[in-house]
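Trainee: I would like a close look at a single part of this predicted model. Please describe how the cysteines are placed, and then continue to the sheet.

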Amino acid sequence: MCAIVGSFDVDKVKELVDLNAYRGQHSYSIAEYFPSTKEIKLHKRALGKFDLSGVEFNGGYIICHTQAPTTDARGLDNVHPSEFSDSYLWHNGIIKDRCVKQLQETWKLKDVAWDTKLIHVDNKMGGSLSDIDGTFSCLMFDKGELFLFRNKISPMFIDSDFNISSTKFEGAKKTDPEWVYAMDFKNYELVETAAFITKENPYFFLQ
């Protein structure tokens, strides 16, 4: 299990990371996105419990990911975000084995077992989120923008200040599933850019 957290406020980041601590503390990453210049900086990737020490922020939108690996991969190479074709993908969830194998075959990535990387490659290469069988809630940096999307199984919450968290927090509401949203930082709105369907959802009470 993993958690994705985002905020402009360092103290809010700490609060939300603490709130999500139960979701995994094997490894973590810290990044900062600058809406005005549409640039992103990956500050830190590390194994162990979340630690902000040594990181200097510059007023951007702070993105943190904490992780409990869902595969046998335990090294830094599998610490979020996935990097591919000048984009980043942070993922909470797990993709079913048969779907992992299908993605490996489709994109000739037999040596890649990390489901996050496979979703990322599939997305960038023109695949459909409707074909991804499993659970996913993702934040993606691509072409200077941040995108937020989830299927009906994985959670994501957001408030009016664009604080986001995989665990519900005060003042937040659940994002609607089955939409890829561009995060409009000027108007603090989620802008619908594409629709998809959840391939299989046995957990109807989580919708």
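Mentor: Cys 99 has a relative accessibility of 2% and therefore counts as buried, the cut-off being under 20% relative accessible area. Cys 2 is likewise buried, its relative accessible area being 3%. For the bonding state, the sulfur–sulfur distances are decisive, since a disulfide requires two cysteine sulfur atoms within 2.5 Å. The cysteine sulfur closest to that of Cys 2 belongs to Cys 138 and lies 10 Å away, which is too far for a bond. Cys 99 takes part in no disulfide either; its nearest cysteine sulfur, 12 Å away, is again that of Cys 138. The number of disulfides under this criterion is 0.

As for the sheet, strands pair through backbone hydrogen bonds, in either a parallel or an antiparallel manner. Here, 6 strands form an open sheet in the order 5-6-7-8-12-13, and the pairing is antiparallel. Its edges are strand 5, residues 82-84, and strand 13, residues 189-195; each of these two strands pairs on one side only. On average, and with direction ignored, neighbouring strands of the sheet are turned by 25 degrees against each other.

At the edge formed by strand 13, the pairing partner is strand 12, which spans residues 179-184. Strands 12 and 13 are antiparallel and are joined over 6 bridges. Within this region, Tyr 181 is found opposite Glu 192, a residue of strand 13.

Terms used: Residues numbered from 1 in each chain as written. Predicted model: local features only at pLDDT ≥ 70, side-chain atom pairs only at ≥ 80, totals over all residues. Heavy atoms only, no water. Buried < 20%, exposed > 50% of the residue type's maximum accessible area, 1.4 Å probe, protein only. Pairing = 2+ DSSP bridges. Helix = DSSP H or I, 4+ residues; strand = E, 2+ residues; numbered from the N terminus. Axes fitted to C-alpha atoms, helices over the stretch in contact; angles between N-to-C directions.
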